[in-house]
Amino acid sequence: MVKRCADALACQVRDYRSAVGGFSRNAHRYLVSGFFQGVGGGMLATVFTIYIKTAGMPERVIGDVEAAVAFAAAVVCVVGPPLVAVAGYRVLIVSAIALMVAARLGQSLLPLAGVLVGLALVIGLGDGFLRAINSAFLSESSRDEERGHLFSSEFVNRVLAGFLGGVAGGFLPTMLAPRVGELASYQVTIALGALLLAAGAVPMLAVRESREERTRLAQAYVGAVRRFRSWRKVGKLVLPQSFISLGGGMVIPFIPLYLKQHLHATIAQVGLIQGSASVVLALVSFGTPVIARRLGLTRGVPLLQGLSVPFLALVPVVGSIAVAVGALWARGALMNMAGPMVNQYSMEDVPAEDKPLVAGWMFFALNMMWLAGNMAGGRLMEVSYAAPYVPAVFLYATGAGASYAVWHRSVRRSAARPTRPAAVVETAA
């Protein structure tokens, strides 16, 4: 048994090694770029909310900054794909990174509320472009037989980068603060994180792409917009998941600040916690296919989301960093397992030409709820650091219940409905 497992593992390693060696140059460049972006982003995620609070601004500014990023990213994500034909992947990706770098450097130099929120809109523009086109770029840069390995490699690459970025984001201020002061140590860390983002643009400058393929993709996108008919599917996705997104927006962006200000964690501990969280979430994601097979999507997603509720409720009532972090990791693990299942369900019974638009509209709608949660969460934290968790727990529970009610009822209706031709079923999705 052990020998068979070892042989299977060795076979998987050889398979991946062979696949990685066969990736296109564009794919390799994107992986290198993504690694630098991930490390820089991990550093920024660790220190940025703490930086705003240390600069003397209220928690509502943190919520407004996060909301501005979410708003701009949502808008750009909807209109981004057609721009591929106009500018191309290379120009859009490099320009998006440049916008984010310039805005992050500005935020590190000028800790003023209006400046931070205004530059957050610029960051959201860059983030929205990257989100809108990265999957399409990876797909275009790979052959059918290697695409699964490429997306898996990109996932592992992102997890490793997030871990290193989180740890670095906690280590640098700890090392610098005795020399330059706490606020300046965060400013230097943010600036270094921005420079790592800038390093991610360098590999993309060498990308080679086909003008004809870009034009074809854009034309297909425009045609899909005109023929889109999956609004019912979008509604079934957005209705229950909006509760989850609203609740998550109230608490998730504020976790580093909560750990430091409420539980009195050091910035080094915050960085290690943030970095390790990405590894934990990656490991548990391997359980997603098992749950999807055993329970199905319409039962598995509500179960995982529902199980996360007690852990979220536990966070604000404990005074121990270890217990709070364990609860946060458990909540994140359960929601991280549910995420791919939600994405999988969103693509079921949807015509091929509607799939990009379903994903885009879902991202837009949920980001709007996320930004509402950001703004509400920042203001509630001014009352108490535990206050946002009360409505967030209620919203998570409501979202889980709504997922089961809406999705499972639709499955029962489909089962009771007489069989119809496939084309008719797809149109009704």
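Let's start with a pair of helices in this predicted model: H2 and helix H7 (residues 182-199) have axes that come within 8 Å and cross at roughly 155 degrees. That angle is over 145 degrees, which makes H2 roughly antiparallel to H7. If you look at the handedness, the crossing of H2 and H7 is left-handed. On the H2 side, the contact is made by Phe-36, Gln-37, Val-39, Gly-40, Gly-41, Met-43, Leu-44, Val-47, Phe-48, Ile-50, Tyr-51 and Thr-54. On the H7 side you will find Glu-182, Leu-183, Tyr-186, Gln-187, Thr-189, Ile-190, Leu-192, Gly-193, Leu-196, Leu-197 and Ala-199. Sorted by character, the residues of this contact of H2 with H7 come out as 15 nonpolar, seven polar and one charged.

Stay with H2 for a second partner. Helix H2 (residues 25-54) also meets helix H4 (residues 89-109), and here the axes come within 13 Å and cross at roughly 25 degrees. An angle under 35 degrees counts as roughly parallel, and H2 and H4 are therefore roughly parallel to each other. H2 passes H4 in a left-handed crossing. From H2, the residues taking part are Tyr-30, Ser-33, Gln-37, Leu-44, Phe-48 and Tyr-51; from H4, they are Ile-93, Ile-97, Arg-104, Gln-107 and Ser-108. This contact of H2 with H4 divides into six nonpolar, four polar and one charged residue. It is worth picking out Gln-37, Leu-44, Phe-48 and Tyr-51 on your screen, since these residues of H2 appear in the contact with H7 and also in the contact with H4.

Now step back to the chain as a whole. Its secondary structure comes to 18 helices and zero strands. Of the 429 residues in the protein chain, 49% are buried. The chain exposes about 19200 Å², and carbon and sulfur atoms supply 68% of that area. Among contacts with a separation of 6 or more, 87% are between residues 24 or more positions apart.

Some residues of H3 and H16 show such long-range pairing. Phe-71 sits in helix H3 (residues 59-87) and, at 42% relative accessibility, counts as partly exposed. The C-alpha atoms of Phe-71 and Leu-371 are separated by 6.6 Å, although the two residues lie 300 residues apart along the chain. Leaving out residues up to four places away in sequence, Phe-71 touches Leu-121, Met-368 and Leu-371.

Looking from the other side, Met-375 belongs to helix H16 (residues 355-383). With 33% relative accessibility, Met-375 counts as partly exposed. Its C-alpha atom is 8.1 Å from that of Ile-62, a residue 313 places away along the chain. Setting aside neighbours within four places in sequence, Met-375 is in contact with Gly-63, Asp-64 and Ala-67. Asn-367 is also placed in helix H16. Asn-367 is buried, with a relative accessible area of 13%. Beyond residues up to four places away in sequence, Asn-367 touches three alanines: Ala-70, Ala-73 and Ala-74.

The last stop is a helix pair joined by a loop. Helix H11 (residues 255-262) and helix H12 (residues 267-284) pack at an angle of about 145 degrees, with their axes 10 Å apart. H11 passes H12 in a right-handed crossing. Ile-255, Pro-256, Leu-259 and Lys-260 of H11 meet Val-270, Ile-273 and Gln-274 of H12, a contact that divides into five nonpolar, one polar and one charged residue. H11 is mostly covered, with six of its eight residues buried. Those buried residues are Ile-255, Pro-256, Leu-257, Tyr-258, Leu-259 and Lys-260.

Between H11 and H12 runs a loop, and His-264 is found in it. At 63% relative accessibility, His-264 counts as exposed. The backbone deserves a look here too. Most residues other than glycine have a negative phi. His-264, however, has a phi near 60 degrees, a positive value in a residue other than glycine, and takes this value just after H11.

How values were computed: Residues numbered from 1 in each chain as written. Predicted model: local features only at pLDDT ≥ 70, side-chain atom pairs only at ≥ 80, totals over all residues. Heavy atoms only, no water. Axes fitted to C-alpha atoms, helices over the stretch in contact; angles between N-to-C directions. Helix = DSSP H or I, 4+ residues; strand = E, 2+ residues; numbered from the N terminus. Parallel < 35°, antiparallel > 145°, perpendicular 65-115°, else oblique. Left-handed = near helix turned anticlockwise from the far one by under 90°. Contact = heavy atoms within 4.5 Å. Nonpolar A, V, L, I, M, F, W, Y, C, P; charged D, E, K, R; others polar. Buried < 20%, exposed > 50% of the residue type's maximum accessible area, 1.4 Å probe, protein only. Areas by Shrake-Rupley, 256 points an atom, 1.4 Å probe, with all protein chains shown as cover.
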